[in-house]
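Good morning, and thank you for coming. I should like to walk you through one structure, beginning with a single residue and then widening the view.

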Amino acid sequence: MDMDALMAQASALQDKVAAAQEKLGASHVKGIADSGACIVEMTGKYDLVNITIREDVLSRGAAAVAQLVAMAYNDAKAKADVLIDTVMGAATAGIPMP
């Protein structure tokens, strides 16, 4: 493989990865705990967008609220991980790695 072809391939990969990262930043996932008692929304780049806590949950105390937020966050992160694998996998598909 000649150097020009290799450089063109690297540039194309860089463009695809940049587009994929932009898509991830614009994509949102929701993590849900306790049947919607707590919902965490984040981007595909793990940026927190919103936390919604049902009013009745607040009476359970700070520890219960913290636990629900953590559960919803972990659910959202797992969904974001799947999204990242899908989007980045599509961006790099077919690119032979040395």
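Please note at the outset that this is a predicted model. Let us begin at Ile51, which sits in strand 3, the run of residues 48–53. Is Ile51 buried, partly exposed or exposed? Its relative accessible area is 37%, so Ile51 counts as partly exposed. Ile51 also has company at the surface: together with Leu48, Ile53 and Leu58, it forms a nonpolar patch. The accessible area of these four residues together is about 330 Å².

From here I turn to the chain as a whole. It contains two helices and three strands. Read from the N terminus, the order of the elements is α-β-β-β-α. The radius of gyration is 19 Å, whereas the globule rule gives 13 Å for 98 residues; the chain is therefore more spread out than a compact globule. The spans of the C-alpha trace along its principal axes are about 65 × 20 × 15 Å.

Some further totals complete this overview. Of the 98 residues in the chain, 27% are buried. The chain exposes about 6300 Å², and 60% of that area is supplied by carbon and sulfur atoms. If we take contacts between residues at least 6 apart in sequence, 51% of them join residues at least 24 apart.

Next, the interior. In soluble globular proteins, nonpolar side chains tend to be buried together. Which residues make up the largest nonpolar core here? There are 12 of them: Val29, Ala33, Ala37, Cys38, Val40, Met42, Val57, Val65, Leu68, Ala72, Ala76 and Ala80. Two or more residues each come from strand 1 (28–33), strand 2 (38–43) and helix 2. Helix 2 gives the most, with five residues. Apart from this core lies another one, of five residues, including Ala20, Ile84, Val87 and Ala91.

Val29, a member of the 12-residue core, offers a closer view of the packing. Setting aside residues up to four places away in sequence, Val29 touches Val40, Glu41, Met42, Ala76, Lys79, Ala80 and Leu83.

Let me add Ser27, which lies in the loop between helix 1 (3–26) and strand 1. Is this loop residue, Ser27, buried or exposed? With a relative accessible area of 16%, Ser27 is buried, because the cut-off for that class is under 20%. Beyond its neighbours within four places in sequence, Ser27 is in contact with Met42, Thr43, Gly44 and Leu83.

I now come to the charged side chains. How many salt bridges does the model contain? The count comes to five. One of the pairs is Arg54 and Asp56, whose side chains meet at 2.8 Å, N to O. Asp56 also meets Arg60, here at 4.0 Å, N to O. Asp34, Arg54, Asp56 and Arg60 are linked in a network of salt bridges.

How accessible are the residues of these two pairs? Arg54 has a relative accessible area of 34% and is partly exposed. Asp56 stands at 40% and is likewise classed as partly exposed. For Arg60 the value is 41%, which again means partly exposed.

A further salt bridge joins Asp81 and Lys77, at 3.1 Å, N to O. Where do these two residues, Asp81 and Lys77, lie? Both belong to helix 2 (residues 62–92), and they are four residues apart, about one turn of the helix. Asp81 is partly exposed, at 26% relative accessibility. Lys77 is partly exposed as well, with 29%.

Finally, we move to helix 1, where Lys16 is found. Lys16 has a relative accessible area of 39% and is therefore partly exposed. How far apart are Lys16 and Asp4 in sequence and in space? They are separated by 12 residues in sequence and by 18 Å in space, taken from C-alpha to C-alpha.

To close, let me return to the main points. The predicted chain follows the order α-β-β-β-α, and it is more spread out than a compact globule. Its largest nonpolar core has 12 residues, and helix 2 gives the most to it. At the surface, Ile51 and its three partners form a nonpolar patch, while Asp34, Arg54, Asp56 and Arg60 are linked through salt bridges. Thank you for your attention.

Methods
Residues are numbered from 1 along each chain as its sequence is written. This is a predicted model: local features need pLDDT of at least 70, side-chain atom pairs count only at pLDDT 80 or more; totals for chains, interfaces and linings use all residues. Side-chain values use heavy atoms; hydrogens and water are left out. Patches are made of residues with over 30% relative accessible area and no salt bridge: like charges are joined within 9 Å, nonpolar side chains (Val, Leu, Ile, Met, Phe, Trp, Tyr) within 5 Å. Accessible areas come from the Shrake-Rupley method with a 1.4 Å probe; for residues, only the protein chains shown count as cover. Buried means under 20% relative accessible area, exposed over 50%, partly exposed in between (1.4 Å probe, protein chains only). A nonpolar core is a set of buried Ala, Val, Leu, Ile, Met, Phe, Trp, Tyr and Cys residues joined through side-chain atoms within 4.5 Å. Contact means heavy atoms within 4.5 Å. The radius of gyration is taken over C-alpha atoms; the globule rule is 2.2 Å times the number of residues to the power 0.38.
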